[in-house]
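Colleague: I am new to reading structures, and I would like to understand the words people use for them. Could we go through one together?

Modeller: Gladly; here it is.

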Amino acid sequence: MSTPAPSRIFAPGLLDGQVALVTGGGTGLGRAAATELAACGAQVVIAGRRAEVLEATAARIGAAASVVCGDIRDEDDARRIVDTALEHHGRLDLLVNNAGGQYFVPAEAIATRGWQAVFRLNVDGTTRMAELAVERAMRPAGRGTIVNVTLSPHHGLAGMTHSSAARAAVESLTAAWARQWAADGIAVVAIAAGHFQTDALDKYPEPVRAGVARTVPLQRLGQPHEHGWLVALLASPLGRAMSGTVVTLDGARDNWFGPWPPPTLTDGDGDVPTEERRPAATR
Ligand SMILES: CCC/C=C/C(=O)SCCNC(=O)CCNC(=O)[C@H](O)C(C)(C)COP(=O)([O-])OP(=O)([O-])OC[C@H]1O[C@@H](n2cnc3c(N)ncnc32)[C@H](O)[C@@H]1OP(=O)([O-])[O-]
Ligand SMILES: NC(=O)C1=CN([C@@H]2O[C@H](COP(=O)(O)OP(=O)(O)OC[C@H]3O[C@@H](n4cnc5c(N)ncnc54)[C@H](OP(=O)(O)O)[C@@H]3O)[C@@H](O)[C@H]2O)C=CC1
């Protein structure tokens, strides 16, 4: 098995000796996070439901990676995932709660079972993994960092309303856990990811895929390795100082309502009107 190529941006050995568990680490953003963590010197355990996907990613990363199969929605599986990481390495410094997702649907068409499915994965699964990591590994060791992956924009992502609501819950939990577990030496942060170029986008309807990059002021999708860099930064000592915060990584997508000037504001020449000044005597 090979050793991972060193990080392109972080000091060699930044995370030497650390052990990270990345849920959903076999694909997309999770794979990029696991790859960068390994490049910074960490041992990484990647978890998910599909063995073949995990094995392929572990083979790409090299000797620093190991796999554990399981479903974070299942209590026994979740416990086994955390325990396998502990048994293998004797410690757990970082949990990346990356496994998550939703299906694209207008808000008014979300069935109760669909709403529950999205919450069961994103809120319940994330909570279960965080609590197990704290109880079984981080609190006994008196240290640890948890990174929760959530979703930007924050003003309600049309077509993913159930997921926007679920990720808002996770961001609120992030702040609460950061306070609750600070005395145990545990930091909790969230990354609100914007729109990233991963294979997961293939499942969305064609008009969504075709238009998604144009909804980002940067006019391009995020690259998975950029997300990996942020995860590694938050795993570094700086991440501890950021406990309780949500870092948005979205090319300015958050709170962006379209290009300037909006067509409804311009006159026939495309100019934006300027407010009249008050008369000099009243200034
Ligand atoms: C655009 C850029 C932004 C990208 C952001 C990303 O996150 S990219 C990353 C993206 N990556 C991911 O999203 C990966 C993870 N995502 C998943 O595993 C699934 O999307 C999940 C979260 C729904 C969980 O699945 P599960 O196995 O628990 O669910 P299940 O199959 O058993 O269904 C339960 C109920 O949900 C409903 N329903 C479900 N699908 C549809 C649909 N297409 N249509 C309509 N409804 C649907 C339905 O009500 C169903 O009940 P029914 O009708 O059977 O009585
Ligand atoms: N790509 C993007 O633009 C954005 C992504 N995100 C979020 O980032 C995260 C990663 O996204 P991305 O890599 O693009 O998408 P993927 O669909 O590739 O990632 C989801 C990962 O989670 C795993 N997973 C799903 N359900 C479970 C489960 N019940 N138990 C264990 N593992 C599970 C999947 O593996 P398996 O199916 O084998 O279990 C997969 O590896 C997700 O939370 C996503 O919602 C947020 C904003 C934007």
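Colleague: Where is E36 placed?

Modeller: E36 sits in helix α1. Keep in mind that this is a predicted model.

Colleague: What makes E36 count as buried or exposed?

Modeller: We count the other C-beta atoms within 10 Å, and a residue is buried at 20 or more. E36 has 29 of them, so it is buried.

Colleague: Which residues is E36 in contact with, leaving aside its neighbours within four places in sequence?

Modeller: With those neighbours left aside, the contacts of E36 are S7, H225, G228, W229, V231 and A232. Take A232: it is 196 residues away from E36 along the chain, yet the two C-alpha atoms are separated by 6.6 Å.

Colleague: Now to the helices. Why are α3 and α4 called oblique to each other?

Modeller: In general, two packed helices are described by the angle between their axes and the distance between the axes. Here α3 covers residues 75-89 and α4 covers residues 112-141, and their axes come within 10 Å and cross at roughly 45°. Angles under 35 degrees would count as roughly parallel, and 65 to 115 as roughly perpendicular. The angle of roughly 45° fits neither range, and the pair is therefore oblique. The crossing is also right-handed.

Colleague: Which residues make that contact?

Modeller: From α3 come E75, A78, R79, V82, D83 and L86, while α4 brings R128, M129, L132, A133, R136 and A137. Sorted by class, the contact has 7 nonpolar and 5 charged residues, with no polar ones.

Colleague: What is notable about the peptide bond between S152 and P153?

Modeller: That bond is cis, with omega at about 10°. As a general rule, most peptide bonds are trans. P153 belongs to the loop between β5 (144-151) and α5 (161-180).

Colleague: What is the phi of Q219?

Modeller: Q219 has a positive phi of about 65°, although it is not a glycine. Most residues other than glycine have a negative phi. You will find Q219 in the loop between α6 (206-211) and α7 (224-235).

Colleague: How do you know whether Q219 is buried or exposed?

Modeller: A residue with 12 or fewer neighbours is exposed. Q219 has 10 C-beta neighbours inside 10 Å, so it counts as exposed.

Colleague: And why is A252 called partly exposed?

Modeller: Partly exposed is the range between 12 or fewer and 20 or more. A252 has 13 C-beta neighbours inside 10 Å, and so it counts as partly exposed. A252 lies in the segment after β7 (246-249), and its phi is positive too, near 75°.

Colleague: Let us finish with the ligands. Which residues are closest to ligand 2?

Modeller: Of the 27 residues surrounding ligand 2, the closest are G24, G28, R49, G100 and A200. Two or more residues each come from α1 (28-39), α4 and β5, and α1 gives the largest share, 3 residues. By class, this shell has 10 nonpolar, 13 polar and 4 charged residues.

Colleague: Which element gives the most to the shell around ligand 1?

Modeller: That is α4, with 5 residues. Ligand 1 has 15 residues around it, and G101, A111, R113, G114 and A200 come nearest. By class, the shell around ligand 1 holds 10 nonpolar, 4 polar and 1 charged residues.

Key. Residues numbered from 1 in each chain as written. Chains lettered and ligands numbered in written order. Predicted model: local features only at pLDDT ≥ 70, side-chain atom pairs only at ≥ 80, totals over all residues. Axes fitted to C-alpha atoms, helices over the stretch in contact; angles between N-to-C directions. Helix = DSSP H or I, 4+ residues; strand = E, 2+ residues; numbered from the N terminus. Parallel < 35°, antiparallel > 145°, perpendicular 65-115°, else oblique. Left-handed = near helix turned anticlockwise from the far one by under 90°. Contact = placed C-beta atoms within 7 Å. Nonpolar A, V, L, I, M, F, W, Y, C, P; charged D, E, K, R; others polar. Near = placed C-beta within 6 Å.
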